[in-house]
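Trainee: Could you take me through one part of this model closely, a strand and its surroundings, and connect it to the rest of the fold as you go?

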Amino acid sequence: MNDEILATVSASAPRRWLGVGMMGTLGVLLLYIALAVPPQSFSWQAFLLVMGVGSLWLADATRRATERVVELRHDGLSDSTGAVIAPLDQIASIDRGTFAMKPSNGFVIRLSVKRPRAWQPGLWWAIGSRVGIGGVTPGSQTKAMAQILEMLLAERQSGQDDQTS
């Protein structure tokens, strides 16, 4: 029963390629400006070179990360490579409100324990006890996943209430 996938979130192809393309274009433009029309100050040229290479690295990291899929199972969230994002028994709450600090088209999970930092650009991130799901993902997929996750948490809470009675 724990192997059943309840919901998935994957990057939509147009958003994925738009994000990767924009970041790659920015990197190429910064490198072009640094090399073809170098500023008079070497520190500005070095800054442009570092930012250009960083943009190209980020574009490739986003391309690789958005090949993955976030999967919700009865035991929690993981990605398609098998990496555990958030075990269900560690999830304390879900925040998908308008003013929540969350990824675009996504939601934030608050964990009962801190986890190591992790970042899959455009798909999910984790800092301390917060995990953000979303980015270049369709809002319909993340909304459905958040709703199913809220139901799983409500079932877990009602099961704990029944045991204490």
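Mentor: Since this is a predicted model, confidence comes before geometry: the mean pLDDT of the protein chain is 89, and 94% of its residues reach 70 or more. Confidence is highest in helix H2, at a mean of 95, and lowest in helix H3, at 82. As a general caution, predicted coordinates should not be read in detail where pLDDT is low.

The part to look at is strand S3, which covers residues 76–79 and is joined to strand S4 by three bridges, the two running antiparallel. Both belong to an open sheet of four strands in the order S1-S2-S3-S4, with antiparallel pairing. Strand S1 (5–10) and strand S4 (84–87) are the edge strands, and because each has a single partner strand, one side of each is left without a neighbour in the sheet. From one strand to the next, the twist averages 15°. In general, the strands of a sheet pair through backbone hydrogen bonds, in either a parallel or an antiparallel manner.

Within this setting, Leu77 stands opposite Ala86 in S4. Not counting residues up to four places away in sequence, Leu77 touches Val70, Glu71 and Leu72, then Val84, Ile85 and Ala86, and further along the chain Ile109, Ile133, Met145 and Leu149. Several of these names return when one turns to the largest nonpolar core, which has 23 residues and in which Val70, Leu77, Ile109, Ile133 and Leu149 have the most contacts. The elements that give two or more residues to this core are S1, strand S2 (69–73), S4, strand S5 (91–95), strand S6 (107–111), strand S8 (124–127), strand S9 (130–133) and helix H3 (139–164). Helix H3 gives the most, with five residues, and H3 is also the element where confidence is lowest, at a mean of 82. In soluble globular proteins, nonpolar side chains tend to be buried together.

Ser78 also lies in strand S3, and because its relative accessibility is 12%, under the 20% cut-off, Ser78 counts as buried. Leaving aside neighbours within four places in sequence, Ser78 is in contact with Val69, Val70, Glu71 and Arg73, as well as with Ala83, Val84 and Ile85.

For a contrast in exposure, consider Ala92, which is found in strand S5 and is exposed, with a relative accessible area of 52%. Its C-alpha atom is separated by 13 Å from that of Leu77, the two residues being 15 apart along the chain. With neighbours within four places in sequence again set aside, Ala92 is in contact with Arg110, Leu111 and Ser112.

The loop between S5 and S6 holds Asn105, which has a positive phi of about 55° although it is not a glycine. At 29% relative accessibility, Asn105 counts as partly exposed.

Away from the sheet, helix H1 (residues 13–36) deserves a short comparison with expectation: its 24 residues reach 33 Å from the first C-alpha to the last, close to the 34 Å expected at 1.5 Å a residue. Its buried residues are Arg16, Val20, Gly24, Gly27, Leu30, Leu31 and Ala34, and what covers them includes helix H2 (42–65), the element in which confidence is highest.

Conventions:
Residues numbered from 1 in each chain as written. Predicted model: local features only at pLDDT ≥ 70, side-chain atom pairs only at ≥ 80, totals over all residues. Heavy atoms only, no water. Pairing = 2+ DSSP bridges. Axes fitted to C-alpha atoms, helices over the stretch in contact; angles between N-to-C directions. Core = buried A, V, L, I, M, F, W, Y, C linked by side-chain atoms within 4.5 Å. Buried < 20%, exposed > 50% of the residue type's maximum accessible area, 1.4 Å probe, protein only. Contact = heavy atoms within 4.5 Å. Expected span 1.5 Å × (residues − 1). pLDDT = per-residue confidence, 0-100.
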